[in-house]
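Trainee: I would like to take a close look at a single part of this model, namely its cysteines and the surroundings they sit in. Could you take me through that part carefully and then place it within the rest of the chain?

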Amino acid sequence: DTVREAAVGAMVLNSLARCTTLLHLDLSCNLFCGSDPEAIEALGRVMQSCTRLSSLHMSCNRVGDEWITTLAVSLRSCVQMGRLSFSVGRIGAAGTAVLAALLPSWQHLTHLDLSHNLLLRGGLECDP
């Protein structure tokens with residue numbers, strides 16, 4: 001049942017927000033994240049409390065532009081981010097613009113995976 005799965009997902013994320021020493025988080029292929037507002041808010045709390053987070057993998061989660069925009073403030077607090085994956089996330093021009101604006105916040109970023117998204121010609125641009 002989708003509603004129960006979404007509630008469990010949000011519950012897990014709420015628990016993770018108390019793990020302030022968390023360095024790596026892989027939530028790939030957990031479709032609850034892309035469509036559940038409670039899970040999105042819970043993930044935002046995880047990122048705000050886990051400021052040492054250095055890798056986040058959200059592949060195959062149907063993230064979409066609106067979701068990325070909602071999480072932008074929380075993503076900015078992850079200043080240690082080194083690896084970020086949003087592949088197969090249904091991210092388009094608006095979401096990539098948000099991510100491009102966040103790039104200066106992530107001075108340790110060495111890996112950004114946006115493969116298999118809705119990026120058009122021009123894609124993600126960044127000044128060297």
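Mentor: A disulfide is counted here when a pair of cysteine sulfur atoms lies within 2.5 Å, and that cut-off is what we need for reading the cysteines of this predicted model. By that criterion the structure holds zero disulfides. Cys50 is in no disulfide, and the nearest cysteine sulfur, which belongs to Cys19, is 6.5 Å away. For Cys78, the closest cysteine sulfur is that of Cys50, at 8.0 Å, and this is too far for a bond, because a disulfide requires the two sulfur atoms to be within 2.5 Å. Cys50 is buried, with a relative accessible area of 0%, and Cys78 likewise counts as buried, at 0% relative accessibility.

Cys60 calls for a separate look, since its setting is a loop, the one between β2 (55-57) and α4. At 25% relative accessibility Cys60 counts as partly exposed, and its phi is positive, about 60 degrees, although Cys60 is not a glycine. Most residues other than glycine have a negative phi. Arg62 lies in the loop between β2 and α4 as well, where it has a positive phi of about 50 degrees, again without being a glycine; Arg62 is partly exposed, with a relative accessible area of 45%.

To place these residues in the chain, it helps to begin with its overall layout. The secondary structure comes to five helices and four strands, which follow one another along the sequence in the pattern α-β-α-α-β-α-β-α-β. Of the 128 residues, 43% count as buried, and among contacts between residues at least 6 apart in sequence, 84% join residues at least 24 apart.

The largest nonpolar core has 33 residues, of which Leu43, Leu56 and Phe86 touch the most other members. Two or more residues of this core come from each of α1 (2-16), α3 (37-49), α4 and α5, with α3 giving the most, six residues. If we follow Leu56 and leave aside its neighbours within four places in sequence, its contacts are Leu25, Met47, Leu75, Met81, Arg83, Leu84, Ser85 and Phe86. In helix α5 (residues 93-102), the buried residues are Gly95, Thr96, Val98, Leu99 and Leu102. They cover an arc of only 155 degrees around the axis, and so they lie on the same side of α5. What covers these buried residues includes α4 (64-76) and β3 (83-85).

Further along the sequence, Ser115 is found in the segment after β4 (111-113) and is partly exposed, with a relative accessible area of 29%. Its side chain makes a polar contact with the side chain of Asp113, at 2.7 Å, and, neighbours within four places in sequence set aside, Ser115 is in contact with Ser87 and Val88. The C-alpha atoms of Ser115 and Arg90 are separated by 10.0 Å, the two residues being 25 apart along the chain.

As for how far these details can be trusted, the mean pLDDT of the chain is 83, and 82% of its residues reach 70 or more. Confidence is highest in β3, at 96, and lowest in helix α2 (residues 32-35), at a mean of 57. Where pLDDT is low, the predicted coordinates should not be read in detail.

Methods:
Residues are numbered from 1 along each chain as its sequence is written. This is a predicted model: local features need pLDDT of at least 70, side-chain atom pairs count only at pLDDT 80 or more; totals for chains, interfaces and linings use all residues. Side-chain values use heavy atoms; hydrogens and water are left out. Buried means under 20% relative accessible area, exposed over 50%, partly exposed in between (1.4 Å probe, protein chains only). The arc is that of the directions from the helix axis to the C-beta atoms. Contact means heavy atoms within 4.5 Å. A polar contact is a pair of N or O atoms within 3.5 Å; within protein, one must be able to donate a hydrogen and the other to accept it, and residues adjacent in sequence count only if both atoms are side-chain atoms. pLDDT is the predictor's confidence in each residue, from 0 to 100. A nonpolar core is a set of buried Ala, Val, Leu, Ile, Met, Phe, Trp, Tyr and Cys residues joined through side-chain atoms within 4.5 Å.
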